[in-house]
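Here are my notes on the model, set out as numbered points so that each can be checked against the coordinates.

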Amino acid sequence: MEASVILPILKKKLAFLSGGKDRRSGLILTIPLCLEQTSMDELSVTLDYLLSIPSEKCKARGFTVIVDGRKSQWNVVKTVVLMLQNVVPAEVSLVCVVKPDEFWDKKVTHFCFWKEKDRLGFEVILVSANKLTRYIEPCQLTEDFGGTLTYDHMDWLNKRLVFEKFTKESTSLLDELALINNGSDKGNQQEKDRSIDLNFLPSVDPETVLQTGHELLSELQQRRFNGSDGGVSWSPMDDELLAQPQVMKLLDSLREQYTRYQEVCRQRSKRTQLEEIQQKVMQVVNWLEGPGSEQLRTQWGIGDSIRASQALQQKHEEIESQHSEWFAVYVELNQQIAALLNAGDEEDLVELKALQQQLSDVCYRQASQLEFRQNLLQAALEFHSVAQDLSQQLDGLLGMLCVDVAPADGASIQQTLKLLEEKLKSVDLGLQGLREKGQSLLDQISNQASWAYGKDVTIENKENVDHIQGVMEDMQLRKQRCEDMVDVRRLKMLQMVQLFKCEEDAAQAVEWLSELLDALLKTHIRLGDDAQETKVLLEKHRKFVDVAQSTYDYGRQLLQATVVLCQSLRCTSRSSGDTLPRLNRVWKQFTLTSEERVQRLETAVAFHSSAEKILQECPEQPEAFNEMDQFDEIEAVGKSLLDRLTVPVVYPDGSEQYFGSPSDMASAAEHIREKMKLVSLKKQQLRQPEATTPES
């Protein structure tokens, strides 16, 4: 029976064990009767509960029952005394009925107890409260009977409740812990193959029960279980009621079982943690080798353009993002496994290392596959970028080649040709870079089978390889076509350069010829002072004419070359059309001027030769007198020469040009006139002897 079940009855204090003892060391059971009617059933229940508390050894010494009838009637007292026979007949050794001051009918009471003495089995005495000390020491009596023993019924009841609760919980907990511990010892091997069952957990918290027990034990050791702080040191709960030893025994058992339980929990926790880690490891491994690997298997293409490669890179980044979540789980699991390895048992090391190795192998393999795929896509993007740049360069070069060349001069042609060569060189470098990127990409694709997980990627690789090789071959063909067109354009532009050079040189020849004509008119003026000097001037003039002839012939050849080049280029020259007429016109003017110069010089030679011959002849020579007609001829030549000096050169276009300035011409004419005067004087000298001869 538990106090909590009959708590309302116990609170009524129908009976109690104060802790006092009689002279035989028997416990004193006090039944305080009151004015109100006492329920015999509740009293019986109370007595049953109180008598269940002492040990058998204590019960064997018997009980002294004090029935306090001072506030009750005799019939009630009698009923209580008779009830003791049924409740504790063997344990009761003496019943002290405390009578009230107004004594009952002595004859009746004495007669009744005496009559029932043999049948009751214990002695019943009637005693007043002040004479109760004859049978019981004052220190064993409560204050109600004039004693010094302190008793607080509610305090005792509260501690009793705590004690019974602790006893009940600890006993139940011991059974549960024993069941768990024993079951763990017997089924340790089987538990490794299953997770923890929640039914194996204790129904109450062992820490709470232990704390309650320690607090209870502390109370029992410091003060009487049913007393107060001011009571005596003797405690019936320690010695007689065995409360303290029982609590200590329960605490020891609890600590032992709880220690074993903690070890079991630790093992279970470790096993649970290991199983959770194993489960998470398998989740990571299964996902990486399942959906994760399948994602990579389906992503084998490299794209056929920059946009396609970028789209594949974006898709790959999404795949990497999904993998990152599992890699984060891998890092966490790896840390947990490392912690378990540092503090794990020998039996778990092999399994933990195997899990760690399996997880690391799969994660590193998957990470290397992701990195390989990323590098492959990056290489493909670079390849397509180079291909696109090269294609744009080829388009630009082709556009430049398709535009007809219409340069203004040779310098612009040279500049255009230089730009063309630079573009072609840039195309060569671009194609070389494309080949390098393509070869690098092909090398990576050839290694793709190493992470294909047995999947045949020959078809997929062949498509990628064909695409890469096709792009490079197409660029090579386009580049070759552009090179052929560049060769044609280069030849054409070189011919145009030559054409412009010929036209420029032809124009220069016209300029040179014009300069020669100008020099002929302005500087070739002198006719010489004598025949010898005039002949020298005539010879120089012929050489001068040869130079002009060479210049004219050079110009004609250049103009003929321009005609041939224009026919080859199928174009018309801007300058050759008017250069040839200019050349012919200047040459015609030069020819007429040269001829006039030659005639003047030849006339001057004839004049000077004849004049010098006559002037050098001696007057004694008779033949001189027979050639007087020569003087007339010389005069006629001289006059003709003077006339020529005053006549301009008339060109076909009607224009006129004079040799030198008028002063130059006047100087030359004056020299001729002087020589003509000498000739005339010579003539007169020759005529005077002829006139005097007849007279003599």
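**Notes on the predicted model**

1. Helix α4, residues 74–87, has 14 residues, and at 1.5 Å a residue it should span 20 Å; the C-alpha atoms at its two ends are 20 Å apart, so the expected and computed spans agree. This, like everything below, concerns a predicted model. The buried residues of α4 are Trp 74, Val 76, Val 77, Val 80, Val 81, Met 83, Leu 84, Gln 85 and Val 87. As background to such a list, an α-helix has 3.6 residues a turn, so residues three or four places apart point the same way.

2. For the chain as a whole, the secondary structure comes to 19 helices and seven strands. The protein chain has 696 residues, of which 43% count as buried. Among the contacts with a separation of 6 or more, 82% are between residues 24 or more positions apart.

3. Helix α4 packs with helix α2 (residues 40–51) at an angle of about 40 degrees, the two axes being 11 Å apart. Because angles from 35 to 65 degrees fall between the roughly parallel and roughly perpendicular classes, α2 is oblique to α4. The crossing in which α2 passes α4 is right-handed. On the α2 side the contact is made by Met 40, Leu 43, Ser 44, Leu 47, Asp 48 and Leu 51, which meet Val 76, Thr 79, Val 80, Met 83, Leu 84 and Val 87 of α4. Sorted by class, the residues of this contact between α2 and α4 are nine nonpolar, two polar and one charged. Several residues from the buried list of α4 recur here, including Val 76, Val 80 and Met 83.

4. Helix α9 (residues 206–222) and α11 have axes that come within 10 Å and cross at roughly 155 degrees. At that angle α9 is roughly antiparallel to α11, and the crossing of the two is left-handed. From α9, Pro 206, Glu 207, Val 209, Leu 210, Gly 213, His 214, Leu 216, Leu 217, Leu 220 and Gln 221 take part, and they meet Ala 243, Gln 244, Val 247, Met 248, Leu 251, Leu 254, Arg 255, Tyr 258, Tyr 261 and Gln 262 in α11. The contact of α9 with α11 divides into 13 nonpolar, five polar and two charged residues.

5. Helix α11 (residues 243–298) also pairs with helix α12 (residues 306–343), their axes coming within 10 Å and crossing at roughly 155 degrees. These two helices are therefore roughly antiparallel to each other, and α11 passes α12 in a left-handed crossing. The residues of α11 in this contact include Gln 273, Ile 277, Trp 287 and Leu 296, while those of α12 include His 316, Ile 319, Trp 326 and Leu 340. By class, the contact of α11 with α12 has 13 nonpolar, eight polar and one charged residues.

6. Is His 316, which lies in helix α12, buried or exposed? With a relative accessible area of 2%, His 316 is buried. Apart from neighbours within four places in sequence, His 316 is in contact with Leu 296, Leu 370, Arg 373, Gln 374 and Leu 377.

7. Ile 614 belongs to helix α17, residues 576–616, and counts as buried at 3% relative accessibility. Leaving aside neighbours within four places in sequence, its contacts are Gln 630, Phe 631, Ile 634 and Lys 682. For one of these, Gln 630, the C-alpha to C-alpha distance from Ile 614 is 8.3 Å, with the two positions 16 residues apart in sequence numbering.

8. Two loop residues deserve a look at their backbone angles. Most residues other than glycine have a negative phi. Lys 13, however, is not a glycine and has a positive phi of about 55 degrees; this residue lies in the loop between α1 (7–11) and β1 (16–21) and counts as partly exposed at 27% relative accessibility. Ser 25 likewise has a positive phi, near 70 degrees, and is found in the loop between β1 and β2 (27–32), where its relative accessible area of 35% makes it partly exposed.

9. Arg 61 is placed in the loop between α3 (56–60) and β3 (63–68), and at 26% relative accessibility it counts as partly exposed. Arg 61 and Leu 27 are 34 residues apart in sequence, yet 8.1 Å apart in space from C-alpha to C-alpha.

How values were computed. Residues are numbered from 1 along each chain as its sequence is written. This is a predicted model: local features need pLDDT of at least 70, side-chain atom pairs count only at pLDDT 80 or more; totals for chains, interfaces and linings use all residues. Side-chain values use heavy atoms; hydrogens and water are left out. Helices (H or I, at least four residues) and strands (E, at least two) are DSSP runs, numbered from the N terminus. The expected span of a helix is 1.5 Å times one less than its number of residues. Buried means under 20% relative accessible area, exposed over 50%, partly exposed in between (1.4 Å probe, protein chains only). Axes are lines fitted to C-alpha atoms, for helices over the stretch in contact, and angles run from 0 to 180 degrees between N-to-C directions. Angles under 35 degrees count as roughly parallel, over 145 as roughly antiparallel, 65 to 115 as roughly perpendicular and the rest as oblique. A crossing is left-handed if the near helix is turned anticlockwise from the far one by less than a right angle, and right-handed if clockwise. Contact means heavy atoms within 4.5 Å. Ala, Val, Leu, Ile, Met, Phe, Trp, Tyr, Cys and Pro count as nonpolar, Asp, Glu, Lys and Arg as charged, and the others, Gly among them, as polar.
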